[in-house]
Every structure is written in structure tokens, then in C-alpha cells.
Amino acid sequence: MPVTHSAEQTIQSDRTVRLLDTTLRDGEQAPGVSLSPDEKVEIARALERAGVSTIEAGSACTGAGERQAISRVTDLDLDARVTSFCRGMQTDIDLALDCDVDGIHLVVPSSDRHVEGKVGTSREDNLEKTAELVEYAADHDLWIEVIGEDGSRADLDYLEALMGTALDAGADRVCFADTVGHTGPERTAEAVSRLAELGPVSAHTHDDLGLGVANALSAVSAGADLVHCTVNGLGERAGNVALEEVAIALAHVYDVDTLELTELYDLSQIVSRATGVQLPPNKAVIGENAFTHESGIHTDGTLKDDKMYEPYAPETVGRERRLALGKHTGRAGVKATLEEHDVEATDDEVATVANRVTELGDRGRRVTDADLLAIAEDVTGDDRERTVELLDLTATSGGAVPTASIRLDVGGEERVASGTGSGPVDAAVSAVREALGSMADAELESYHVDAVTGGTDAVVTVEVTMVRNDRSVTVARSEADITRASVEAMVDALDRLLASDEQPLAPADD
């Protein structure tokens, strides 16, 4: 539900604003991130599903591998425009053409620091070179965006002259770039408003001062109709402005639609897995805690009115609300969570369970679903018969292929299986799935190694969340061996999920 609009707002709801995603180029420049061609294809398809208008697939000048990846994306025949980053060199444009891209982002220096110090040229020669490159790209039927690098530190008169030269030479649009995350909303608005008088203008902002979204919105209010973003805010240093944050801010605050918001969470997860960059739990829109409530006051209010403590419904961005358990959990949260797991308890029993959950949280423990259910079983006296139990586990990783063998008790039947994987944990999980067959159709939603103690007797804590038939359960286990901790947590989570399934146990698969 958007906020109430006022006549004085600077971005009107009838504005057309599009998002350009540069995760595959600027996002990949984040330290430690390297995407394979298959990963770029997967992300590009997810961006297409989300309705992103332009996908910057990479920098063709980087090398043959990068050109192969860009070509893989262009071969998808997406509705989105697919582009390549180009330095101010004709050879870069030629390499982009070899990848069959729809367009290019031609980056030319705009501040004296870059014109003279980095490139070693003059303002006048820079204008002439820019015009020549734009004309060359236009002659080859490319869509052209010219980016004035370091525009936030440029002399605005010169930036205006440079971008005007680009448009006169045939560029389709120009871009104001806060390359080093240097400036604030006022300077952004001043620069973009001047460039918007010349022609279509975009904004490229970084988050070094934590002002990425503020600067992007300021640019839109000043006339920009295209915003450069990356999924999860990936990028050099503190990253680029986050696509999901710009999209929800424009939709919720200004009622301006840019893409399919319901695709944002899946898109975020795909990028996180491909890049190996984990999301901070308090990350806006897509962080684990964004729609998680632990406080008793907040949980009680949310259960009464789901808009009480949330700016917009989690379903808006493809998510679900979650009630967390801990020292701040009240009776309403405990009762709601027990009901989710089909556990019946009286009001007095709920109060007792809530007190014990608080005591556990006071000791610094993260209280998982399994902890809550174990407490509830003790309080209500409802002993639970296990469906799946780990009897034995052996894992080896010294050879070329890590292997594991496992022995489970499944409804009184002993099952033995083995598996291989990329590591001992992966091999053990494969063995569990082999032993359980179709019973193991649960999805491993999250896997975290939460804590490791020091010394030779180090203990690791593994937390898993598994989902089956729209039900989820979180279990944590601590062991000296990470493989055993992982398998015990997974088996216990499966046991909890299977216990709620009224279907008879299936025999082991052949």
C-alpha cells in the first residue's frame, strides 16, 4: 500500500522510469566475484523475468572468456536490451560488435582528475575523441549511452559540454556517474537537471557514503528516466545502488512501477548463490530479517494487523513473513509458531513455553523451531516418536572424490546408503537423500555455519532451514565435526517435517 502522496512530491506517479542492471559487469567487479558464462546466463534470465529493461552483460575488452559469456547472453534473444561496457577506444567498440550486443556504454573521462591525470589528454581533445567514437558506434547501428566518468567531481559546465557533444554526435542518451560515491542528492540534482535539458539522461550511483538510493531518487526527480543498479548492491568498494531498493522505493513511495517486484527475492537469491556473497540479515528488501519479527510487542501487533510493523507486505517482493524465537518472544509469537507446526497447547502451557524460550534466549542462544518443539513436548507431555533417526555416519575426503555412508532408522526400518559430492558434507547429504528416496523431497532453503569455538577441541554450530509441502523448520546442531553437525541438523529437520505429513511412509527407492 503506497504512502499518501502530496502535491509537492518531486517524482510524479505518471513518470516512466526504467532500470539498467549492471550486475554482470560492475557487480562482477566486486572483490572475489567471478561469474561463469552459465551463471551469467542464469542471472540474465532472472533479470528478464523481473522485467529489467537493459542488461549490461560485461566488458567485451576484458578477454575471450568474457566475450564468450556476453555472446551467450545475446544468444538468449531477450526482450531486454543487452549491452557491453566500452572504454574510450575504437577497439573496445569492435570487440563489443563481435559479441552481437544491442548497444554499448561508452565511458569517457569528465573530471579534470580523469581527463588529465588518468587519460593524459586535454578537455578539447577529449571532446573531439568522444564525438569520433560516438559517430563510429552510430555508423554500426549500436544503441549508445555515453557515461561521463567521475561526473560528480567534474566542472558542470564542462560536463554539460561533453554530454552535449555526445548527443550531437548521435548518442541515444548520456549518464551522470557518481563513480566513487562522492556526492549527495543536491549536487546530483543540479547536475542531472542540466543534462536533462540536453536529452535523455541516466544515473549511475555508488553507495560509498550510504547515499546510493538517495542520489538515484534525486536524479529521477531531476529528470533521469533510467537508473543503473546491481542486484544486492554488488559492486566495487561499498557497491552500486541496489536494484531491489530503488525498485521498491519508487513503487512504494512514489507509485512508479519499474519492474516485476515479486521476482526480486528469487533474483536476489540467484545472484547471492552465483557470486558467493552472503546478504547481511538486516539488508533492506531481501535480508533475512526484513520481514522477521521476534519482539513480543511487534509480533503481537503483526498478528493482529499485518501492516502494523511493516511498510509493505512481504509478498510484494516475493517473500513470506517469519516469526523468530528468542529472548524477546512473547506468548502470541509462541502460540502462532506452535500452531504453524500443528502443536496444541493450553494458554497456561503456552505461557510456560514462552518463559522457557525467553530463558534460552537470555543465555545467548538462537532459538530454533526444533528447540521450541522440544520445549513444547516437555511442557505438554506429548512425547513424539521419531520418524527418521541417524544411527551411524562415516565420511572421507582424503581421496579424489569425497564419499560418505550413512545408516538411518526410518519408521523402524534400517536403511543404509552411500553418496559422493564436492566435499564430505555434500557427500553425506547425498547419502541421506539416497537412503530416504522420495521422502527426502524437502528443499534445503538455508545452510549456515554459525559459530566455531577456538582451540584443538573446536565446536562448530550448523543451522539449516528445510521446506516441505509449504512447511518449514529450522534446526541447529553443534558438534566437533561439521559433517556430523550438518547431517544431524538435516535429519532432525526432515524428521520434524515428515512427522507432520499424514501420508504413510514410502518404501526406499530401488
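Reader: What is a salt bridge, and how many does the structure hold?
Author: A salt bridge is a side-chain nitrogen of Lys or Arg within 4 Å of a carboxyl oxygen of Asp or Glu. The model is predicted: local features need pLDDT of at least 70, side-chain atom pairs count only at pLDDT 80 or more, and totals for chains, interfaces and linings use all residues. Residues are numbered from 1 along each chain as its sequence is written, and side-chain values use heavy atoms, leaving out hydrogens and water. The number of salt bridges in the structure is 19.

Reader: Which residue meets arginine 173 in a salt bridge?
Author: Arginine 173 lies in strand S6 (residues 173–178; strands are DSSP runs of E, at least two residues, and helices runs of H or I, at least four, numbered from the N terminus). Its partner is 52 residues apart, in the loop between helix H8 (212–221) and strand S8 (226–229). At 2.9 Å, N to O, the partner is aspartate 225.

Reader: Which residues in H7 meet H6?
Author: Contact means heavy atoms within 4.5 Å. From H6 (residues 156–169), the contact involves Leu156, Asp157, Leu159, Glu160 and Met163. In H7 (residues 185–196), the residues are Arg187, Glu190, Ala191, Arg194 and Leu195.

Key
Axes are lines fitted to C-alpha atoms, for helices over the stretch in contact, and angles run from 0 to 180 degrees between N-to-C directions.
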